[in-house]
Amino acid sequence: MRGAGFQSIVVLTGAGISAESGVPTFRGPDGLWEGHRVEDVATPQAFRRDPALVQAFYDARRAALARVAPNPAHDALARLDAEWSGNLLIVTQNVDDLHERAGAARMVHMHGELKSALCLACGERQEAPETLSDGPACTRCAAHGRLRPDIVWFGEMPYHMDRIEAALAACDLFVSIGTSGAVYPAAGFVQGARHYGAHTLEINLDPSEGTHFFDEARHGRAGELVPAWVDELLQR
Ligand code: APR
């Protein structure tokens, strides 16, 4: 991998990039996410059925952000953002704020953000207060108890898809970091990028479900492999 020759990079990140910061990944060996089945906390149906459970779950995830910090993989991507003179888009599936806390700016959250809330009454997105369980008022329409986590749940449309598709079509390097490749549309980005002729690289602890779609794979801890890859790309 040499930096020379590449112009436009898309980096996709998943829960694995935040694992070394202490944020749990989704698909643990027990199939549970922090003790819950994903369907019980990450679907619109779950929210309709038991809003108190879902709000409490995301309130706890939001509070946990104060106890974690970016790791060397987030720092390396922030350095790439600062130093790469070509095009770059970091697309994260993560709802934590560790990329931006590390300093990355050219990035989008395709699955929403813990720090954001969405008003079901008026559609306004706003900074989330510490807790949504206690039914705070919308800052725009003042409705009480109508704010939900601004998280893209299963069955909902991911954010920023037009911008992501355009970046994938224009990129010559696509790198997927710390994602199991189990959830679409993100799992299909590698095939999209390849279709347009990009070189594709997977960096993950172990082979993802789509590992055979990549031109190149590096398996190990993101906190070690991502800084090494960024060094290579920036030719330090
Ligand atoms: N370094 C690199 N990779 C790691 C590390 C690490 N230190 N630790 C774990 N991983 C890898 C795991 O091997 C796994 O392949 O990260 C991947 C995490 O996979 P998932 O838990 O499935 O997370 P992700 O792919 O981000 O999930 C996608 O699913 O539940 C939904 O919307 C949610 O955004 C999420 C989406």
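Two strands count as paired if DSSP finds at least two bridges between them. Keep that handy for these exercises on a predicted model.

**Exercise 1. Work out how β1 is paired with β2 and with β7.**

Step 1. Start with β2: six bridges join β1 to β2, and the two run parallel. At one spot along this pairing, Ser-8 sits opposite Asn-87 in β2.

Step 2. Now turn to β7. Strand β1 (residues 8–13) pairs with strand β7 (residues 173–177) over five bridges, in the parallel sense. Here you can find Val-11 opposite Val-175 in β7.

Step 3. Check both against the cut-off of at least two bridges: six for β2 and five for β7, so both count as pairs.

**Exercise 2. Lay out the whole sheet and find which strands stand at the edges.**

Step 1. Write down the order: β3-β2-β1-β7-β8-β9, an open sheet of six strands with parallel pairing.

Step 2. Look at the ends. β3 (107–109) and β9 (216–219) each have a single partner strand, so one side of each lacks a neighbour in the sheet.

Step 3. Add the twist, which averages 15° from one strand to the next.

Step 4. Put the helices on. Helix α5 (residues 72–83) packs on the sheet and touches β1, β2 (87–92) and β7, with its direction at about 150° to that of β2. Helix α9 (residues 222–233) also packs on the sheet, touching β1, β7, β8 (199–204) and β9, and its direction makes about 165° with that of β7.

**Exercise 3. Decide whether the residues of β1 are buried or exposed.**

Step 1. Sort the side chains by direction: Ser-8, Val-10 and Leu-12 point one way, while Ile-9, Val-11 and Thr-13 point the other way.

Step 2. Check burial, which here means under 20% relative accessible area. Both sets are buried.

Step 3. Conclude: six of the six residues of β1 are buried, so the strand is largely enclosed by the rest of the structure.

**Exercise 4. Check the length of α9 and find where its buried residues lie.**

Step 1. At 1.5 Å a residue, the twelve residues of α9 should span 16 Å; the end C-alpha atoms are 16 Å apart, so that agrees.

Step 2. List the buried residues of α9: Ala-222, Gly-223, Val-226, Pro-227, Trp-229, Val-230 and Leu-233.

Step 3. These cover an arc of only 160° around the axis, so they lie on the same side of α9.

Step 4. See what they pack against: β1, α1 (16–19), α5, β7, β8 and β9.

Key:
Residues are numbered from 1 along each chain as its sequence is written. This is a predicted model: local features need pLDDT of at least 70, side-chain atom pairs count only at pLDDT 80 or more; totals for chains, interfaces and linings use all residues. Side-chain values use heavy atoms; hydrogens and water are left out. Helices (H or I, at least four residues) and strands (E, at least two) are DSSP runs, numbered from the N terminus. Axes are lines fitted to C-alpha atoms, for helices over the stretch in contact, and angles run from 0 to 180 degrees between N-to-C directions. Contact means heavy atoms within 4.5 Å. Buried means under 20% relative accessible area, exposed over 50%, partly exposed in between (1.4 Å probe, protein chains only). The expected span of a helix is 1.5 Å times one less than its number of residues. The arc is that of the directions from the helix axis to the C-beta atoms.
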